[in-house]
Amino acid sequence: MKNIVVLISGNGSNLQAIIDACKQKKINGTIRAVFSNKADAFGLERAREANIPAHALLASQFASREAFDRELMQEIDAYAPDIVVLAGYMRILSPAFVAHYTGRLINIHPSLLPKYPGLHTHRQVLENGDEVHGTTVHFVTDELDGGPVILQAQVPVFEGDTEEDVTARVQTQEHAIYPLVVSWFVDGRLAMQENKAWLDGICLPEQGYAAD
């Protein structure tokens, strides 16, 4: 049984999707711990409800990003993670942190990368009049939201949509594809090699896995 550690900053809806998938045996792994950089993150409550150790580590307690990440690595490593999952974790990671977990650190981003890295993706989509939006699961590298894409899901954007409409539509897809990608990794099907994502021994294209 593989060990999963999840990092969050807020509501934790993607965390909940992964908790549920583990319970339903869709992921052959166990969430050993959840960490947040916000003490009041609702995702910590979700973890406690599922009897998962929940920890808050606050930046104000540390002199630098590097010091914060060193302590976070130490606490994460106590759970011997096979994979570290970023699920709405809103801190930029230090190069040392990324290097430490290279190849076993994944993130979900609410856009069709490489479009709209960073924040406020739904707002940008509406302002630019895009007709298609979506979400991306990718390996994490030093480049912000720039690691190899594993899987994307598209959603339509309709005239008159609000940010809330688009957010809800994207999150529905996120809750489907993120547990799936975690299961691929836990089952040994997914890997990062030479800065590319590989699934079942096949190098995935730049936009990630695409079903026929």
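**Entry 1: the annotated domain**

For my own bookkeeping, helices (H or I, at least four residues) and strands (E, at least two) are DSSP runs, numbered from the N terminus. I am working from a predicted model, and I keep that in mind throughout. First I looked up residues 2-182, which an unreviewed UniProt entry annotates as "domain: Formyl transferase N-terminal". That span comes out as 36% helix and 24% strand. I also checked its two ends, and their C-alpha atoms lie 11 Å apart.

**Entry 2: the seven-stranded sheet**

I traced the sheet next. It is an open one of 7 strands with mixed pairing, and I noted the order as β3-β2-β1-β4-β5-β6-β7. The edges are β3 (54-56) and β7 (149-156), each of which pairs on one side only. Going from one strand to the next, the twist averages 20°.

I zoomed in on β4 (residues 83-86) and β5 (residues 105-109), which run parallel and are joined by 3 bridges. Which residue of β5 stands opposite V84? I found L105 there.

Then I looked at what lies on the sheet. Helix α2 (residues 42-49) lies across β1 (2-8), β2 (29-36) and β3. Against β3 the helix runs at about 155°.

**Entry 3: the listed binding site**

I pulled the "binding site" positions from UniProt (again an unreviewed entry): R65, M90, R91, I92, L93 and N107. Which of these turn up in the lining of the largest pocket? The lining includes M90, R91, I92, L93 and N107.

I went to R65 next and found it in helix α3 (residues 65-77). Its relative accessible area is 36%, so I wrote it down as partly exposed. Setting aside residues up to four places away in sequence, R65 touches R91, I92 and S94. R91 and I92 are also on the UniProt list.

Is L93 buried or exposed? I get a relative accessible area of 14% for L93, and because the cut-off for buried is under 20%, L93 is buried. L93 sits in the loop between β4 and α4 (95-100). Beyond its neighbours within four places in sequence, I listed contacts of L93 with D69, L86, V98, L105 and V140. L105 is the residue I had just noted opposite V84.

**Entry 4: A87 and N14**

I stayed in the loop between β4 and α4 to look at A87. A87 has 6% relative accessibility and therefore counts as buried. What does A87 touch, not counting residues up to four places away in sequence? My list reads V6, L7, I8, N14, L15 and Y178. I also checked A87 against I106, which is 19 residues apart from it along the chain: their C-alpha atoms are separated by 8.8 Å.

N14 was on that list, and I found it in helix α1 (residues 13-23). N14 is buried too, with a relative accessible area of 8%. Its side chain makes a polar contact with the side chain of E174, at 3.0 Å. Leaving out neighbours within four places in sequence, N14 is in contact with A87, I108, E174, H175 and Y178. Y178 therefore appears in my notes for N14 as well as for A87, which is itself buried at 6%.

**Entry 5: the three-stranded sheet**

Last, I looked at the open sheet of 3 strands, in the order β8-β9-β10 with antiparallel pairing. β8 (190-193) and β10 (202-203) each have a single partner strand, so one side of each is left without a neighbour in the sheet.

I counted 4 bridges between β8 and β9, with Q193 partnered by K196. The β8-β9 hairpin has 2 residues between the strands, and E194 takes a positive phi near 50° there. On the other side, 2 bridges join β9 (residues 196-199) to β10, and L199 has I202 as its bridge partner. That hairpin also has 2 residues between its strands, and D200 in the turn has a positive phi of about 55°.

Which residues of β9 make up its covered face? I found A197 and L199 there, with K196 and W198 on the uncovered face. I jotted down the general rule beside this: in a regular strand the side chains alternate between the two faces of the sheet.

Notes. Residues are numbered from 1 along each chain as its sequence is written. This is a predicted model: local features need pLDDT of at least 70, side-chain atom pairs count only at pLDDT 80 or more; totals for chains, interfaces and linings use all residues. Side-chain values use heavy atoms; hydrogens and water are left out. Two strands pair if DSSP finds at least two bridges between them. Axes are lines fitted to C-alpha atoms, for helices over the stretch in contact, and angles run from 0 to 180 degrees between N-to-C directions. Contact means heavy atoms within 4.5 Å. UniProt positions are given in the numbering used here, feature names are shortened, and annotations may be inferred rather than shown by experiment. On a 1 Å grid over the protein atoms alone, a cavity is a set of points where a 1.4 Å probe fits but cannot get out, and a pocket is an open set with protein on both sides within 12 Å along at least five of seven lines; lining residues have an atom within 4 Å of a point. Buried means under 20% relative accessible area, exposed over 50%, partly exposed in between (1.4 Å probe, protein chains only). A polar contact is a pair of N or O atoms within 3.5 Å; within protein, one must be able to donate a hydrogen and the other to accept it, and residues adjacent in sequence count only if both atoms are side-chain atoms.
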